[in-house]
Amino acid sequence: FRLEICSSALFFVIITASLLFILLIGFKRFIAGMVLRDSDLDNLIFICGISAFSHAVNNIIAAPTRMLNKKKIYLIINLATAAASYAVVFVLLYGKAYLYAIPVGGMCSSLLSVCIFWILNRKWFSGHSVKKIHIKELLKIGAPLFPGFLIYWIFNSCDRIMIARMLGMSYTGVYAVGSKFGQIGNLIYIAFAGGWQYFAFS
């Protein structure tokens, strides 16, 4: 049953994330012109598309580790991927790629996390175990939550869009680096949410 649920969830997320990724890539110059006010920054949209896809897939692939309450493994992987992300960011900042540092670091972190969790949890997923009935049941639970996640994403993204439009893209890079220091308080929330998820799954 757990194999069917995990496989069905991963299948649905891959399909929807792939559609979003294709839309982003297809309209990357238009999106870059509208949001970033520079269509030549379409590579940044491509990087963000890869990050969004891998992050969505990672949430499902990492779920069995949380379901089994493997706190140490989860903590070590999160610390390792965060360290890898910051290493990439510092290298790019040193190379004066200020605009691409945070997005590329995030993309590398997401891709590394997907690879590690896939190696650990691949036995929980199988193409033969995908069931349409489970996808319908999962949608009944997940669809009502979608507006809340959408509003959270808009609020989380608007600050950078406003700064890009009012001050320019170079200030957005500075803001992105500075905002990471403000997220230190999130450690308390992440610790609680990560610990709570085991009980939610059980």
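This tour proceeds from the whole chain to its aromatic pairs and then to a nonpolar surface patch.

**Whole chain**

Begin with the complete protein chain, bearing in mind that the model is predicted. Colouring by secondary structure shows 10 helices and 0 strands, so the cartoon, by the definition of these elements, contains runs of helix alone. Along the sequence, the order reads α-α-α-α-α-α-α-α-α-α. The chain has 202 residues, of which 29% count as buried. Among its contacts with a separation of 6 or more, 73% join residues 24 or more positions apart. Switching to a surface representation displays an accessible area of about 13300 Å²; carbon and sulfur atoms contribute 73% of that area.

**Phe21 and Phe53**

The next stop concerns aromatic side chains. Across the whole structure, 5 aromatic pairs are found. Select Phe21 and Phe53 and display their rings: the centres are 6.3 Å apart and the planes stand at 50°. Why is this pair classed as tilted? An angle under 30 degrees would count as stacked and one over 60 as edge-to-face, so the 50° of this pair falls in the remaining class.

Now show the helices that carry these two rings. Phe21 belongs to helix 1, residues 2-26, while Phe53 belongs to helix 3, residues 42-61. The pair therefore ties together parts of the chain that are 32 residues apart in sequence. Phe21 is partly exposed, at a relative accessible area of 23%, and Phe53 is likewise partly exposed, at 28%. Add Phe46 to the selection: together with Phe21 and Phe53, Phe46 forms one aromatic cluster.

**Trp118 and Phe125**

Move on to Trp118 and Phe125, which make a stacked aromatic pair. Their centre-to-centre distance is 5.8 Å, and the angle between their planes is 25°. Which of the two descriptions, buried or partly exposed, applies to each partner? Trp118 is partly exposed, with 36% relative accessibility, whereas Phe125 is buried, with a relative accessible area of 9%.

**A nonpolar patch**

For the last stop, return to the surface representation and select Phe146, Leu150, Ile151, Trp153, Ile154 and Phe155. These residues form a nonpolar surface patch, and their accessible area together is about 670 Å². Within this selection, centre the view on Phe146, which lies in helix 8, residues 146-166. Phe146 has a relative accessible area of 53%; the threshold for exposed is over 50%, so Phe146 counts as exposed.

Methods. Residues numbered from 1 in each chain as written. Predicted model: local features only at pLDDT ≥ 70, side-chain atom pairs only at ≥ 80, totals over all residues. Heavy atoms only, no water. Helix = DSSP H or I, 4+ residues; strand = E, 2+ residues; numbered from the N terminus. Buried < 20%, exposed > 50% of the residue type's maximum accessible area, 1.4 Å probe, protein only. Contact = heavy atoms within 4.5 Å. Areas by Shrake-Rupley, 256 points an atom, 1.4 Å probe, with all protein chains shown as cover. Phe/Tyr/Trp six-rings, centres within 6.5 Å; stacked < 30°, edge-to-face > 60°. Patch = residues over 30% accessible without salt bridge, like charges linked within 9 Å, V, L, I, M, F, W, Y side chains within 5 Å. Salt bridge = Lys/Arg side-chain N within 4 Å of Asp/Glu carboxyl O.
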